[in-house]
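This report describes a protein chain together with its bound metal ions. Please examine the sequence and the structure before reading on.

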Amino acid sequence: VKESGRAGFRFDVPRRDVDLLSRMRLDHAMRQALEFGQFRLSFQPQVEVGSRRVIGAEALLRWRDPVRGEIAPADFIPLAEQSGFIVPLGDWVLREAVMQAAEWLRQGLRMPIAVNVSALQFQQPQFIEGVAAALRMAGLPPGLLELELTESVLVGDADECLRRMRALASLGVALSIDDFGTGYSSLAYLKRFPIQRLKIDRSFVQGLPGDASDAGIVNAIVQVGRALNLQVIAEGVEREAQRDFLARAGCHEFQGYLYAPPLTAAEFEERVRPRRAV
Ligand code: C2E
Ligand code: CA
Ligand code: CA
Ligand code: CA
C-alpha cells in the first residue's frame, strides 16, 4: 500500500505480506464458499472424432462468489493446493461428480465422468478409501469414474505412487495422465502405470496444424500412446483444422470449444440427448 490513506499516514507493508494477506483472505473465502454451497461443477463433453459421439464428461470446478463474481480455477486451485484446502475441496468434487454420473445412469444416460485429482489429494492416506466410499454411496459402477492425474502426482515416492494407482485400478476406476508432456514424465514409469489414457495438453494443441514443434510433439504423444496401448485424448480443440490434424495423427478423442465448452448438467443432458442433430 503506497498511497496515503484518508488519515494521511503512510502504510508501508512489504509486498510479501500484502500477498500473504490477500492469499489468506482468498483461502478464507474458499472455505466459506464450500460451507455455503457456492461451488458448482461444470461438465465438458469428450467427443469421438469420427462419430462425434459424446463418450465422456470432464467435471470442472466453478466458483461464483457473490461479491467477486466468477473466479477461475487457475486463480484459486494453486492456492488451495498450497494451503491444503484442495483436500476437502477435491473430496467434494469427487462426491459431487460421482453423484451426478449416478443420477445420469438412473435417467438412462450411461456417461463416464472424469475428475481432476491434485497431487496432495492423491497422497492422502484416506484417498483410496474415499473414492471407494463415494462410489458405494452413489451406487456408481467404478468403471464409469476416471481420475485425471497430472505428472506432479508421479513425482516423489514412485513405488508408493504405483501402489496407490494399482489399488485404484483394482477398484475398477480408470486412470489417465492429464496435461501429458508438460511436467515431469518418465516413459519408464509410464509403462508400469495401470492407466488407460493420456491427455494432450491444450498448450500443444494451440499451434496446430501450422506450428512444427506442436505438430511433432502431438505426433510423438500419439505414438507413445499407441506403443503403450493407451487411448489419447486432446484438450482445448477450438478449430476444425486442429481436429483434422489430430484425427490424421491418430488421436481419436477430443475435448474443446469446437464441440462444446464446459456446460451445466442440464445443458450437458440437452447436448447428448439422442436423436438431436449436432
Ligand atoms: P485442465 O484439467 O487441463 O482442464 C482443461 C481446461 O481447459 C479447463 O479450464 C477448460 O474449461 C478449458 N478448456 C476446455 N476446452 C477449451 C478450449 O477449447 N479452449 C480453451 N482456451 N480452453 C478450454 P478450467 O475449467 O478453467 O480449469 C483450469 C484448470 O483448473 C484445469 O485444467 C485443472 O487443472 C484445474 N481444475 C479444474 N477443476 C478442478 C478440480 O475439480 N480439481 C482440481 N484438482 N483441479 C481442477
Ligand atoms: Ca483435466
Ligand atoms: Ca488436462
Ligand atoms: Ca491442460
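The sections below treat the overall fold, a set of neighbouring strands, the calcium sites and one loop residue.

**Overall fold**

The model is predicted. Its protein chain contains 11 helices and 9 strands. With a radius of gyration of 20 Å, close to the 19 Å that the globule rule gives for 278 residues, the chain is as compact as a globular protein of that length. Taken along the principal axes, the box filled by the C-alpha atoms is roughly 65 × 50 × 45 Å. Of the 278 residues, 45% count as buried. The area exposed by the protein chain is about 14,500 Å², and carbon and sulfur atoms supply 52% of that area. Among contacts with a separation of 6 or more, 66% are made by residues 24 or more positions apart.

**Strand S5 and its partners**

Strand S5 spans residues 145-150 and is mostly covered, since 5 of its 6 residues are buried. S5 pairs with strand S4 (residues 113-117) through 5 bridges, and the two strands run parallel. In this pairing, Ile113 stands opposite Leu145 in S5. S5 is also joined to strand S6 (residues 174-180) by 5 bridges, again in a parallel arrangement. Here Leu149 stands opposite Ile177 in S6. Helix H6 (residues 158-171) combines with S5 and S6 in a right-handed β-α-β unit.

**Calcium sites**

Which residues coordinate the calcium ion (ligand 3)? Its donors come from Asp178, Asp179 and Glu235, with distances of 2.0 to 3.2 Å; Asp178 is listed with two OD entries. Asp179 lies in strand S6, whereas Glu235 lies in the loop between strand S8 (231-234) and helix H10 (240-249), so this pair ties together parts that are 56 residues apart in sequence.

The protein donors of the calcium ion (ligand 4) are Asp179, Asp201 and Glu235. Asp179 and Glu235 thus serve as donors to ligand 3 and also to ligand 4. The two sites are set out below.

| Ion | Protein donors | Distances | Spacing in sequence |
|---|---|---|---|
| Calcium ion (ligand 3) | Asp178 (OD), Asp178 (OD), Asp179 (OD), Glu235 (OE) | 2.0 to 3.2 Å | D-D-x55-E |
| Calcium ion (ligand 4) | Asp179 (OD), Asp201 (OD), Glu235 (OE) | 1.9 to 2.2 Å | D-x21-D-x33-E |

A further ion, the calcium ion (ligand 2), is 3.3 Å from the calcium ion (ligand 3), and Asp178 coordinates both. The calcium ion (ligand 4) and the calcium ion (ligand 2) are 5.8 Å apart.

Are the donors Asp179 and Glu235 buried or exposed? Asp179 has a relative accessibility of 21% and counts as partly exposed, because the buried class requires a value under 20%. Glu235, at 14%, counts as buried.

**Arg110**

Arg110 lies in the loop between helix H3 (86-106) and S4. Its relative accessible area is 57%, so Arg110 is exposed. Not counting residues up to four places away in sequence, Arg110 touches Leu105 and Leu144. Between Arg110 and Val153, the separation is 43 residues in sequence and 29 Å in space, C-alpha to C-alpha.

Key
Residues are numbered from 1 along each chain as its sequence is written. Chains are lettered from A and ligands numbered from 1 in the order in which they are written. This is a predicted model: local features need pLDDT of at least 70, side-chain atom pairs count only at pLDDT 80 or more; totals for chains, interfaces and linings use all residues. Side-chain values use heavy atoms; hydrogens and water are left out. Buried means under 20% relative accessible area, exposed over 50%, partly exposed in between (1.4 Å probe, protein chains only). Helices (H or I, at least four residues) and strands (E, at least two) are DSSP runs, numbered from the N terminus. Two strands pair if DSSP finds at least two bridges between them. A crossover is right-handed if, with the strands pointing away from the viewer, the path from the first strand over the helix to the second runs clockwise. Donors are N, O and S atoms within 2.8 Å of the metal (3.2 Å for Na, K and Ca); water is not among the atoms, so sites may look incomplete. The radius of gyration is taken over C-alpha atoms; the globule rule is 2.2 Å times the number of residues to the power 0.38. Contact means heavy atoms within 4.5 Å. Accessible areas come from the Shrake-Rupley method with a 1.4 Å probe; for residues, only the protein chains shown count as cover.
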